[in-house]
Amino acid sequence: MAREQDDILHRGIGMTSQRTRERLIQRLYEEGLSNAKVLEVIRRTPRHLFVDEALAHRAYEDTALPIGHNQTISQPYMVARMSELLLEAGPLDKVLEIGTGSGYQTAVLSQLVERVFSVERIKVLQDRAKERLVELNLRNVVFRWGDGWEGWPALAPYNGIIVTAAATDVPQALLDQLAPGGRLVIPVGSGEVQQLMLIIREEQGFSRRVLGGVRFVPLLHGPLA
Ligand code: SAH
C-alpha cells in the first residue's frame with residue numbers, strides 16, 4: 001500500500017485500531033449479519049474518517065453519531081443490514097441513495113455495487129462527503145444536491161434504492177424509478193420509531209416486506225444551501 005494511503009486509512013490510531021474494528025465486525029456477525037462481502041467492506045472502510053475528529057474514538061462502536069446539522073451517521077448494524085437487503089437477490093449495478101449525510105453508507109455501497117447515485121439536501125454535508133470519497137479513491141459515485149422525495153429521475157431506472165432517513169410514506173417518485181425486479185429499502189413512519197421496509201417491483205405491482213422497528217432522522221422536504 002502506498003505510504004500516503006496507509007496514512008489516510010490509519011490516521012487517528014488508538015480507539016480506531018484494527019482490533020477495535022475487528023470487534024465491531026464480530027459483533028455484527030453475532031447479531032445475525034451474514035453477508036461476508038458486506039462484513040468485509042465494513043471491516044476495511046475507515047468509519048473514523050466520516051465523523052468529527054473529536055468523535056473518532058467512538059467510530060467503531062455500533063451506534064449512530066452526530067455529524068452536525070441535526071443529522072447522524074448511521075449505525076454500522078443498520079448500514080450492514082440495509083446493504084444486505086439490497087444485495088439479497090444478487091449483485092446490483094445501479095443504486096440510488098437518498099441521504100448522503102457523512103458519505104459512510106455511500107462508501108460502503110460503492111464497494112459492493114457498480115455505480116452509486118447519491119442525493120443529499122444539505123449542501124455542506126454533501127461537499128464534505130464528496131471529499132472523503134475522493135480521499136479514499138472511491139470513484140464510482142456521483143452526487144446530486146436536491147430533494148430525495150423526487151429521486152433522480154434523469155438517470156432512472158435503478159436496480160436498488162436505499163433511503164437513509166425516515167419517510168412519512170413511500171415517495172411515489174422512488175417507486176416510479178425502480179427497474180423491474182428493483183429493490184427499495186426504506187424506513188417508513190412519522191414517529192420516533194419507524195418500520196424498515198423492503199419493496200420490490202414485481203412483474204405486476206410491488207411486493208412489500210416489513211422488517212421491524214428502526215430509528216432514523218426524518219426525510220425532510222426541499223434542498224438546503
Ligand atoms: N447514510 C448517512 C445518514 C445520514 S442521516 C450516513 O451514514 O452518514 C440522513 C441524511 O438524509 C441527512 O444527511 C439528511 O440531510 C438527509 N436528508 C433528509 N431529507 C432529505 C431529502 N429530502 N433529500 C435528500 N436528503 C435528505
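How far is a nitrogen atom of the ligand from an N or O atom in the side chain of D147? The legends below, which describe a predicted model, begin with this contact.

**View 1. Polar contacts of the ligand with D147, G148 and T164.** The distance between a ligand nitrogen atom and an N or O atom in the D147 side chain is 2.9 Å. At G148, a backbone N or O atom lies 2.7 Å from a nitrogen atom of the ligand. The side chain of T164 places an N or O atom 3.3 Å from a ligand nitrogen atom. On its own the ligand has 580 Å² of accessible area, and the protein covers 100% of this area.

**View 2. The shell around the ligand.** The ligand is surrounded by 24 residues, and the closest are S102, E120, D147, G148 and L220. Sorted by class, this shell has 10 nonpolar, 11 polar and three charged residues. Strand β2 gives the largest share of the shell, three residues.

**View 3. The largest pocket as the site of the ligand.** The ligand takes up the space of the largest pocket. This pocket holds about 490 Å³ of space. Its lining consists of 33 residues, of which Q71, T72, T164, A165 and V217 are the closest to the pocket centre. The elements that give two or more residues to this lining are β2 (71-73), α4 (76-87), α5 (104-110) and β4 (115-120).

**View 4. Composition of the pocket lining.** The lining of the largest pocket has 16 nonpolar, 13 polar and four charged residues. Strand β2 gives the largest share of this lining, three residues.

Terms used:
Residues are numbered from 1 along each chain as its sequence is written. This is a predicted model: local features need pLDDT of at least 70, side-chain atom pairs count only at pLDDT 80 or more; totals for chains, interfaces and linings use all residues. Side-chain values use heavy atoms; hydrogens and water are left out. On a 1 Å grid over the protein atoms alone, a cavity is a set of points where a 1.4 Å probe fits but cannot get out, and a pocket is an open set with protein on both sides within 12 Å along at least five of seven lines; lining residues have an atom within 4 Å of a point. Grid points are joined across faces, edges and corners, and a volume is the space filled by probe spheres set on the points. Helices (H or I, at least four residues) and strands (E, at least two) are DSSP runs, numbered from the N terminus. Ala, Val, Leu, Ile, Met, Phe, Trp, Tyr, Cys and Pro count as nonpolar, Asp, Glu, Lys and Arg as charged, and the others, Gly among them, as polar. A residue is near a molecule or strand if one of its heavy atoms lies within 4 Å of it. A polar contact is a pair of N or O atoms within 3.5 Å; within protein, one must be able to donate a hydrogen and the other to accept it, and residues adjacent in sequence count only if both atoms are side-chain atoms. Accessible areas come from the Shrake-Rupley method with a 1.4 Å probe; for residues, only the protein chains shown count as cover. A molecule sits in a cavity or pocket if more than half of its atoms lie within 2 Å of its grid points.
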